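Here is a short briefing on charged side-chain pairs. Start with the view below, then read the points by topic.

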Amino acid sequence: MVSYTQNELLSITDFTKSISKVLSGLKEHTVEKVGVLKNNKLQAVVISTDEYERLKELEELMNNMEHKEIYETVQNRIDTPKSDYVSIDDMAKKLNINMSNL
């Protein structure tokens, strides 16, 4: 869970009154993020465009890593000799599954 310092939380009213100051703080990196509260509940988080782009790049990198893992798994399975395969009937027996009940 993300934690916020006192200067990183603003009511929506205070946020709208001081939006220029908030944006300057984000741009100058004097503040990392600003949580906007409505009825004392966190409704939104404002971050700099630099931080947003960094997070999007990280998200893309993570997606690419997942795709790479899937690709490698498929390649490993392609290289597995057919003699190493286990039939569904053999797997059912091993797991005590009655195929006629499925």
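Glu59 is partly exposed, at 40% relative accessibility. Its salt-bridge partner is Lys56, with the closest N and O atoms 2.8 Å apart. The model is predicted. It holds four salt bridges in total, among them the three covered here.

**Lys56 and Glu59**
- Both residues sit in helix α3 (residues 49-78).
- They are three residues apart, so about one helical turn separates them.
- Lys56 is partly exposed, with a relative accessibility of 39%.

**Glu72 and Lys68**
- The side chains of Glu72 and Lys68 form a salt bridge, at 3.7 Å from N to O.
- This pair also lies in helix α3, four residues apart, or about one turn of the helix.
- Lys68 has a relative accessible area of 52%, so it counts as exposed, the cut-off being over 50%.
- Glu72 is partly exposed, at 38% relative accessibility.

**Glu8 and Lys33**
- Glu8 and Lys33 meet through their side chains in a salt bridge of 3.1 Å, N to O.
- The pair links distant parts of the chain, 25 residues apart.
- Glu8 is in the segment before β1 (9-11), while Lys33 is in strand β2 (residues 33-38).
- Glu8 is at 7% relative accessibility, so it counts as buried, which means under 20%.
- Lys33 is buried too, with a relative accessible area of 10%.

**Background**
- Side chains of opposite charge can pair when their charged atoms come close.

Note on methods:
Residues numbered from 1 in each chain as written. Predicted model: local features only at pLDDT ≥ 70, side-chain atom pairs only at ≥ 80, totals over all residues. Heavy atoms only, no water. Helix = DSSP H or I, 4+ residues; strand = E, 2+ residues; numbered from the N terminus. Buried < 20%, exposed > 50% of the residue type's maximum accessible area, 1.4 Å probe, protein only.
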